[in-house]
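Colleague: I'm new to reading protein models, so could we go through this one together? I'll ask, and you walk me through the reasoning.

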Amino acid sequence: MARARRARIRTAGVQPAQVLAGLASLAFLVFGIVGFTRTGFADFAGRSDATVLGFSVNPLYNLGFVVLGAIGLLLTFGSGRSRVFGFLTFVAFGVLFVWGLMIAGTVSTNPVSQAGNPFNLNGPDNWLHLGLAALGLVIAFLPARHKVQLPEDEEETVVADRRADSATAVRPKHEKGPTVARDERPPGLAH
């Protein structure tokens with residue numbers, strides 16, 4: 001009767017979620033840094049006419065992109081960590097999307113009207129945030145590549161015996177059988 005072997009399932013190399021999270025993080029960093037070159041650091045949370053790729057930016061908005069990009073680069077060194085980055089991206093840009101809808105007047109009542117518009121959000125920004133929130137969900141739920149790893153069949157190894165200059169064969173743990181040759185058994189135990 002054959003025994004079932006214990007197989008291990010391991011992730012295989014760099015995962016697609018890690019690659020996508022790394023690329024998104026680099027894009028966030030570049031967007032934030034380019035935004036800082038356009039706006040500078042003056043009037044940190046105020047209204048600005050500066051744009052990057054057609055999207056309104058201000059220093060607070062740029063700082064958010066730089067921080068999210070830096071966190072993302074730190075979290076791309078593991079499959080689970082990159083998925084956490086995906087959830088973080090989804091939550092951050094989902095909140096900005098809903099907030100932007102309320103600021104733009106798409107939602108009939110605006111419960112955040114007292115907070116103003118510290119991120120300088122407008123209509124095109126809302127669609128950007130919706131797309132980036134969707135990207136976060138893709139990163140978070142992208143399937144991982146796995147491989148099945150069977151225990152390696154251990155070969156018999158020859159171990160030198162220090163007491164006598166002879167070699168003794170050592171069998172793997174999963175094999176049954178005597179580990180000492182018949183000739184080497186003490187008297188009285190030979191059958």
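**Helix α2 and its surroundings**

Modeller: Let's start inside helix α2, keeping in mind that this is a predicted model. The buried residues of α2 are Pro59, Tyr61, Asn62, Phe65, Leu68, Gly69, Gly72 and Leu75.

Colleague: Which elements do the buried residues of α2 pack against?

Modeller: Contact here means heavy atoms within 4.5 Å. By that test, the partners of the buried α2 residues are α1, β3 (55-56), α3 (79-104) and α4 (123-141).

Colleague: How far does α2 reach from its first C-alpha to its last?

Modeller: Helix α2 has 17 residues, and 1.5 Å a residue is the figure to work with. The expected span uses one less than the number of residues. That gives an expected 24 Å, and the helix comes close to it, reaching 24 Å.

Colleague: And α3, how far apart are its end C-alpha atoms?

Modeller: Same idea: α3 has 26 residues, so at 1.5 Å a residue it should span 38 Å. The model agrees with that, as the end C-alpha atoms of α3 are apart by 37 Å.

Colleague: Which residue just after α3 takes a positive phi?

Modeller: Look just past the end of α3 for a phi of about 90°. The residue with that positive phi is Gly105.

Colleague: Back to α2. Is Phe65 buried or exposed?

Modeller: Buried means under 20% relative accessible area. Phe65 has 4% relative accessibility, so Phe65 counts as buried.

Colleague: What kind of aromatic pair do Phe28 and Phe65 form?

Modeller: A search of the whole structure turns up 9 aromatic pairs. For Phe28 and Phe65, the rings are 5.7 Å centre to centre, with 70° between the planes. Planes over 60 degrees apart get a particular label, so the Phe28 and Phe65 pair is edge-to-face.

Colleague: How many residues apart are Phe28 and Phe65?

Modeller: This pair links distant parts of the chain. Phe28 sits in helix α1 (residues 16-39) and Phe65 in helix α2, so going by their numbering, they are 37 residues apart.

Colleague: Which residues do ring pairs link into a cluster?

Modeller: Phe28 counts as buried, at 4% relative accessibility. Phe28 and Phe65 both belong to the cluster, and its full list is Phe28, Phe31, Tyr61, Phe65, Phe85 and Phe93.

Colleague: Now the outside. Which helix gives the most to the nonpolar patch?

Modeller: The patch on the surface is formed by Phe41, Phe44, Leu63, Val67, Ile71 and Leu88, with about 510 Å² of accessible area together. One helix, covering residues 59-75, gives 3 residues to the patch, and that helix is α2.

Colleague: How does Leu63 count, given its relative accessibility?

Modeller: Leu63 is found in helix α2. Buried is under 20% and exposed is over 50%. Leu63 is at 35%, so it counts as partly exposed.

Colleague: Which residues does Ala140 touch, leaving out those up to four places away in sequence?

Modeller: Ala140 lies in helix α4, and at 6% relative accessibility it counts as buried. The C-alpha atoms of Ala140 and Gly80 are separated by 8.7 Å, though the two are 60 residues apart along the chain. The residues Ala140 touches are Arg83, Gly86 and Phe87.

Colleague: Last one: in what order do the elements of the protein chain run?

Modeller: The protein chain has 4 helices and 6 strands. Reading from the N terminus on, the order is β-α-β-β-α-α-α-β-β-β.

Definitions and conventions. Residues numbered from 1 in each chain as written. Predicted model: local features only at pLDDT ≥ 70, side-chain atom pairs only at ≥ 80, totals over all residues. Heavy atoms only, no water. Patch = residues over 30% accessible without salt bridge, like charges linked within 9 Å, V, L, I, M, F, W, Y side chains within 5 Å. Areas by Shrake-Rupley, 256 points an atom, 1.4 Å probe, with all protein chains shown as cover. Salt bridge = Lys/Arg side-chain N within 4 Å of Asp/Glu carboxyl O. Helix = DSSP H or I, 4+ residues; strand = E, 2+ residues; numbered from the N terminus. Buried < 20%, exposed > 50% of the residue type's maximum accessible area, 1.4 Å probe, protein only. Phe/Tyr/Trp six-rings, centres within 6.5 Å; stacked < 30°, edge-to-face > 60°.
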